[in-house]
Structures are given as C-alpha cells and as structure tokens.
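Grab the model and work through these short exercises on strands and how they pair. Try each task before you read its solution.

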Amino acid sequence: MLNENFYTIYYIRMMIETACDPTIEKHFKGHENIITSLCFHPETTQLASSSSDKSIILWNLKESVRAYRFFGHKDVIFDVTYAPSGEVIATASRDRSVIIWVPKVTGQSLDFKAHSGAVRSVQFSPDGEKLITASDDKSVKLWMVCQRRFLMSFVCHTSWVRCARFSLDGRLIVSCSDDKTIKLWDVISGQCIKSFNDVKAYSTHVEFHPSGYVIGSANTIGCVKLYDIRTGSLYQHYATHKGSVNMIKFHPKGNFILTASDDSTMKVLDLLEGRPIYTLKGHANGTSVTSVTFSSNGEFFASGGTDHQLLMWKTNFDKDDIARKISRHLVSPVKEVELKIKDEKLHKDDDISVGEEEIESLDEKYDITNLKNGRIHCEVPDTGILNENLEYRVINMRNQRPFEKGRIVNISHLSKESPDSCRVTCTNGIVDALNEQVQSLSDAVTILEQRLSVLEEELRK
C-alpha cells in the first residue's frame with residue numbers, strides 16, 4: 001500500500017512538473033532580417049517587433065494571420081517599446097533618430113533626431129510622460145514626450161551606451177556601456193549615484209528587478225550578473241551560456257529571469273534557488289537569440305533571433321510557485337531605497353546638459369516635421385503562423401544539479417545578526433565547491449518535502 005501511494009505521488013509530481021514546462025503557442029515569420037527587439041502591448045493584445053530590415057511589425061495575437069508592417073527609419077531599428085497606455089510606440093535606430101508611432105493603419109508618426117550617433121535603446125517612463133534614449137555618442141538623454149521637449153543628457157560613459165532603463169517608480173535610470181561599466185542615475189538631480197565595474201567584458205543589456213533593489217545585466221562572456229543597488233555589490237552571478245548573452249528579462253513576479261544568447265538557446269533562471277531550471281531551444285542551430293520579452297502579466301514570453309523567426313511561448317514555469325504554496329521573495333521588502341549621491345570625479349556641469357543648450361530639441365524638430373499619414377508607411381505583409389509542428393526542445397533541469405565548477409556564484413550580503421551571514425558560495429577551491437553541492441542538495445530535499453506535503457494533502461481530499 002505504501003509503495004502504491006509512493007508511485008501515485010511520484011506520478012502526480014511528474015505530471016505537475018511536465019505541466020510547468022514552457023510551450024510554444026505561436027510561430028511567426030514576416031521580417032526579412034534579424035529581429036532586434038520585442039515588446040508586448042500592455043494588454044497582451046499585440047506584439048511589436050523591430051528588425052534590421054528597417055521596419056517594425058505589429059502582430060495581432062487574437063487574429064494571428066493579420067499583421068501590419070511600418071516603415072519610417074532609414075537604417076537598422078535597434079529597439080521598440082510601447083508606452084504604458086499602449087496608445088503609442090517608440091523606436092530607436094542606427095539612423096540617429098527616434099520615431100513615435102500611433103499604431104494604426106494610417107501609420108501616423110513623429111520622428112526627431114535624438115543623438116549624434118546610433119540610438120541603441122528607447123523606453124517610456126512608468127507614467128508615460130518621459131522618454132529615455134541611449135546612444136553610440138556615449139550619452140543617455142531624457143525627453144518630455146507630451147511637451148516634445150528635451151530635458152537633459154547624462155554623459156558619464158566613455159564609450160557606446162548599449163542600453164538605458166527606468167526603474168519601476170521612475171526615480172532611477174540604469175545604463176550599460178562598452179566602457180565596461182553600469183551606471184545608476186538619479187532622474188531629478190541628473191547625477192550618477194553608483195557605478196558598477198567589470199574588468200573582463202562589457203554588458204549588452206540591463207534591467208531593473210521588479211523589487212527595484214536589484215539590477216540585472218547580460219554580459220558578452222556568457223554570464224548574467226545581479227547587483228544590489230543598496231550595497232553596491234554583486235548579488236548573484238550565473239555563468240550559464242557558451243556565447244554572448246544578448247538580452248535578459250525579469251518575470252513580472254520577480255522570481256525568474258529569461259536570457260537570450262548567441263549560443264542559439266534561452267535559459268530560465270530561478271533566482272531564489274540560484275540556478276538555471278530550463279534550457280529552451282526553438283531557434284535554428286547556429287543562429288543567435290537576440291531578443292526576449294515577457295507579457296505584462298507574465299503568462300507569455302516571446303523570442304526573436306537572427307533566423308528571422310518570432311516565437312511566442314506559454315510561460316507555465318511560474319505555476320510551480322503556486323503549486324508549492326511557498327512565500328518566495330528575492331530580496332527583503334523595505335520601505336525605501338537609501339542611495340547616497342557619490343562624486344564620480346565629474347563636475348555637475350560636465351555630466352549634465354540642460355535641454356535649452358541642445359540643438360536636438362523636440363520643439364525645433366517638430367516645427368519642421370510633418371505627421372506621416374501616407375499608406376506607404378504601413379502595409380499588410382504576407383505573414384502568419386508557420387509550421388505548427390515546429391521542432392523545439394525544452395530541457396528541464398529542475399531535478400538536475402550536476403557538479404560544474406564555476407557554474408553559479410551566489411554572494412549574499414546579510415546582516416551580522418543573521419545565522420546565514422557566513423554562507424558565501426565560491427568557485428575557487430574544492431571545499432567551497434563541495435559546500436555548494438551540499439547546500440544545493442539540502443535545498444532540493446526541502447523543496448521535495450514541501451511538494452510531497454502538498455500532494456499528500458491533495459490526495460486526501
């Protein structure tokens with residue numbers, strides 16, 4: 001009887017784990033070149049994609065065959081983003097311009113020269129009133145959207161700026177550059193308040209964790225790093241990919257992170273267990289996964305690559321948190337982040353440019369720019385869902401903990417009163433590696449016991 005119950009519990013557990021595996025929902029093709037960026041509509045009714053073919057496509061997720069392609073840029077489009085209201089879209093391009101689109105068939109748009117170099121990224125502030133841009137001209141710029149007015153520049157970086165992102169409360173901006181630094185900026189004062197340095201390689205993408213206290217970065221040497229902005233120190237380090245990591249995205253719940261890499265794979269990292277739990281293979285071998293994004297509720301995510309393919313996935317893996325009924329938080333919630341402004345060896349006048357002194361004013365450009373209403377800026381491409389039997393692999397690593405030196409480094413900065421304050425996982429030395437394995441096994445046993453308890457309760461019902 002005991003054996004029968006054990007096998008029943010084991011079977012149910014395996015069924016739950018299989019149901020938690022990500023699955024491909026839709027497979028689109030419409031771009032003629034590399035997909036560079038993706039963004040879901042806030043209500044998950046559409047998916048916007050940008051490409052090296054100088055166009056963006058809006059995919060209607062409810063009417064999957066129908067899509068609209070918009071033209072306006074003269075060169076590669078690096079980034080695309082929806083405003084929080086979903087009423088407009090902004091794109092950034094190598095042609096040094098930013099275009100704000102009204103996503104309708106008429107293709108109305110407003111374009112302006114934002115930088116003196118290629119514009120790598122663009123994002124709306126959480127309230128939709130401001131716009132942040134990052135460029136190869138080594139600067140980050142802040143714009144007022146409604147008033148069409150330039151606000152200020154942040155020019156601390158000494159090389160190309162790859163990405164700039166707002167925090168969820170709109171108070172902070174994080175940027176990464178080819179100068180191998182990640183910088184944190186205060187929006188009100190315009191000053192650089194923290195700087196994170198990496199001596200080995202530069203970051204290609206940065207994101208704020210939903211908690212607002214952690215920054216995630218994608219690195220060219222195949223790793224993902226998380227920094228605690230309260231302590232200014234490395235929080236977690238994942239050496240997970242064999243190629244450059246092109247982009248990362250936090251799940252809206254904050255417990256997982258999705259990565260895209262040149263090694264043709266994506267990985268799902270469990271930030272609380274401190275390890276990768278899924279490897280996803282859907283894009284063609286030998287190609288790069290260049291972009292990933294989550295829907296606003298985390299139910300779906302999308303991926304695009306150099307194979308010109310766009311895949312939309314059902315997340316599923318976040319269901320495991322619900323099944324476990326465990327309270328999970330990456331960082332302890334605090335009322336407010338205390339950040340002290342540090343002198344970055346730059347005079348305030350040197351790292352901030354006031355909008356009135358800039359010639360790239362939106363007001364000036366708007367006076368000489370007409371809204372583009374012609375249908376030539378919008379067309380219906382011959383697109384649709386391709387092969388529904390698309391071959392893809394989902395490698396579940398939830399129950400796998402292979403010994404791999406240097407796989408993950410977890411660095412915890414806790415108070416001295418905490419009993420766990422002495423626990424530091426290190427990749428150097430056999431003793432530390434064995435300690436990591438013992439701790440991992442202990443965590444796995446704890447999680448399995450909790451899962452079995454939940455399943456036993458369900459069986460009793």
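**Exercise 1.** Find which residue in β7 is the bridge partner of I77, then describe the hairpin around that pair.

*Solution.* Start with the pair itself: I77 has S93 as its bridge partner in β7. A quick note on ground rules: this is a predicted model, where local features need pLDDT of at least 70, side-chain atom pairs count only at pLDDT 80 or more, and totals for chains, interfaces and linings use all residues. Residues are numbered from 1 along each chain as its sequence is written, and side-chain values use heavy atoms, with hydrogens and water left out.

Next, widen the view: β6 (residues 77-82) and β7 (residues 89-93) are antiparallel and share 5 bridges. Strands here are DSSP runs (E, at least two residues), numbered from the N terminus, and two of them pair if DSSP finds at least two bridges between them. Between the two strands sit 6 residues, and G86 in this hairpin has a positive phi near 80°.

**Exercise 2.** Work out why β6 counts as largely enclosed.

*Solution.* Check burial residue by residue (buried means under 20% relative accessible area, with a 1.4 Å probe and protein chains only). For β6, 6 of the 6 residues are buried, so the rest of the structure largely encloses this strand.

**Exercise 3.** Trace the open sheet that contains β22 and β32.

*Solution.* Its 5 strands run in the order β22-β23-β24-β25-β32, with antiparallel pairing. The edges are β22 (245-250) and β32 (393-396), each pairing on one side only. Inside the sheet, β24 (residues 266-270) and β25 (residues 275-281) are linked by 5 bridges; L269 has P276 as its bridge partner in β25.

Conventions. Helices (H or I, at least four residues) and strands (E, at least two) are DSSP runs, numbered from the N terminus. Buried means under 20% relative accessible area, exposed over 50%, partly exposed in between (1.4 Å probe, protein chains only).
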